[in-house]
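The following exercises train the reading of a protein model. Each task is followed by a solution that proceeds step by step.

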Amino acid sequence: MKTARYLVPNDYMADPAVHVFDGKLYIYPSHDRESGIPENDNGDHFDMADYHVLSMDNIDGAVTDHGVALHVKDIPWAGRQLWDCDVARKHGKYYLYFPLKDKNDIFRIGVATADRPEGPFAPQPDPMRGAYSIDPCVLEENGEHYLYFGGLWGGQLQRYHGNKALESAALPADSEPALPPRVARLADNMLQLAEAPRPVLILGKDSKPLAHGDAQRRFFEASWVHKYRGKYYFSYSTGDTHNLCYATGDSPYGPFTYQGVLLTPVVGWTTHHAIVEFKGKWYLFHHDSVPSGGRTWLRSLKVVEMEYLPDGAIKTIEGGGA
Ligand code: FUB
């Protein structure tokens, strides 16, 4: 597959997390809807209320929508906005990590569990302790699971410093290091963090953290981690400059060294993705707003095959946006 394929032509879905469980591909997207909320920098117009799980036996084959896997009305601490989620498996159980604003409009990260990859998922009564902001993503490595999270602006990462909530949000000056995403190992029961979150450092080739003013390269949101030929690839969105970039490192905790753009901007404001190997080929799952005529909050899922260069670099894919 060399040209991108839209996966769900009759619905709006975005922010794919993708995993292969027992030889089948499972996609965990956000489920966009028209809520009528005006667009703003806080992302209030991304007012999603449920998750659906999709599955595929083959990359070119049918996409099965398994229906509602979790609804906001079933989450006891819910305020609003179910954003990008991810799923991990341990001992035959499935754990869905999701960001949601609580009743005070603060993004928290919750966990819901299921016996099957497609759910339905039953939420825990309270959000996780010690996790905050948005866009959880889980890496499994040698039987341990690592939870990455964080996102700027409406994702509220600028409200935290040293894992403590600030009195008032503070973005760094342009010359200061960019705000890092966070990572923490998950506890054995997968329901809480096993340790305090650590900053994920993204360094330039000069071994210095990328600066906040380096907007074409610095982290904004949409963490994803995969492993290729023994290296960890941390990929992410630069948000307001709309690139999907990647950085590589030797440990799940980083540091990661910036390598390049893997997807140029798409049509729509957000860009968000998952990278997965399936049946011996590598794929980039992502979204754009072409089918909705550019409405940034109504996004459509896509998949395209990726290519690695001999040195492990990812060949840049053109997103088709501005
Ligand atoms: O879908 C809502 C938010 O938009 C996600 O959490 C971000 O990564 C961005 O894609």
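**Exercise 1. State how many helices and strands the protein contains.**

Solution. The model is a predicted one. Counting its elements gives 0 helices and 24 strands.

**Exercise 2. Determine whether the radius of gyration agrees or disagrees with that of a compact globule.**

Solution. Step 1: the protein has 322 residues, and for a compact globule with this number a radius of gyration near 20 Å would be expected. Step 2: the value for the protein is 18 Å, which agrees with that expectation. Step 3: as a supplement, the box filled by the C-alpha atoms, taken along the principal axes, is roughly 45 × 45 × 45 Å.

**Exercise 3. Describe the burial, the contacts and the surface of the protein.**

Solution. Step 1: of the 322 residues, 58% are buried. Step 2: consider the contacts between residues at least 6 apart in sequence; 54% of these join residues at least 24 apart. Step 3: the exposed area is about 13000 Å², of which carbon and sulfur atoms supply 49%.

**Exercise 4. Find how far apart the mean positions of the positive and negative charges are.**

Solution. Step 1: the protein carries 32 positive and 41 negative charges. Step 2: the mean positions of these two groups are 3 Å apart.

**Exercise 5. Classify the aromatic pair of Y132 and F149, and state whether its residues are buried or exposed.**

Solution. Step 1: a pair of aromatic rings is described by the distance of the centres and the angle of the planes. Step 2: the whole structure holds 22 aromatic pairs. Step 3: in the pair of Y132 and F149, the centres are 5.0 Å apart and the planes form an angle of 80°, an edge-to-face arrangement. Step 4: Y132 lies in the loop between β10 (122-123) and β11 (137-141), whereas F149 belongs to strand β12 (residues 144-149); the two are 17 residues apart. Step 5: Y132 and F149 are both buried.

**Exercise 6. Carry out the analysis for W153 and F220.**

Solution. Step 1: the centres of these rings are 5.3 Å apart with 70° between the planes, so the pair is edge-to-face, as planes over 60 degrees apart are so classed. Step 2: W153 is in the loop between β12 and β13 (160-161), and F220 is in the loop between β17 (202-203) and β18 (221-228); the pair therefore ties together parts 67 residues apart in sequence. Step 3: W153 counts as partly exposed because its relative accessibility is 28%. Step 4: F220, at 2%, counts as buried.

**Exercise 7. Name the residues of the aromatic cluster that includes Y148.**

Solution. Y148 forms one aromatic cluster together with F219, F234, Y236 and F256.

Key
Residues numbered from 1 in each chain as written. Predicted model: local features only at pLDDT ≥ 70, side-chain atom pairs only at ≥ 80, totals over all residues. Heavy atoms only, no water. Helix = DSSP H or I, 4+ residues; strand = E, 2+ residues; numbered from the N terminus. Rg over C-alpha atoms; globule rule 2.2 N^0.38 Å. Buried < 20%, exposed > 50% of the residue type's maximum accessible area, 1.4 Å probe, protein only. Contact = heavy atoms within 4.5 Å. Areas by Shrake-Rupley, 256 points an atom, 1.4 Å probe, with all protein chains shown as cover. Lys, Arg positive; Asp, Glu negative; His and termini not counted. Charge placed at Lys NZ, Arg CZ, Asp CG, Glu CD. Phe/Tyr/Trp six-rings, centres within 6.5 Å; stacked < 30°, edge-to-face > 60°.
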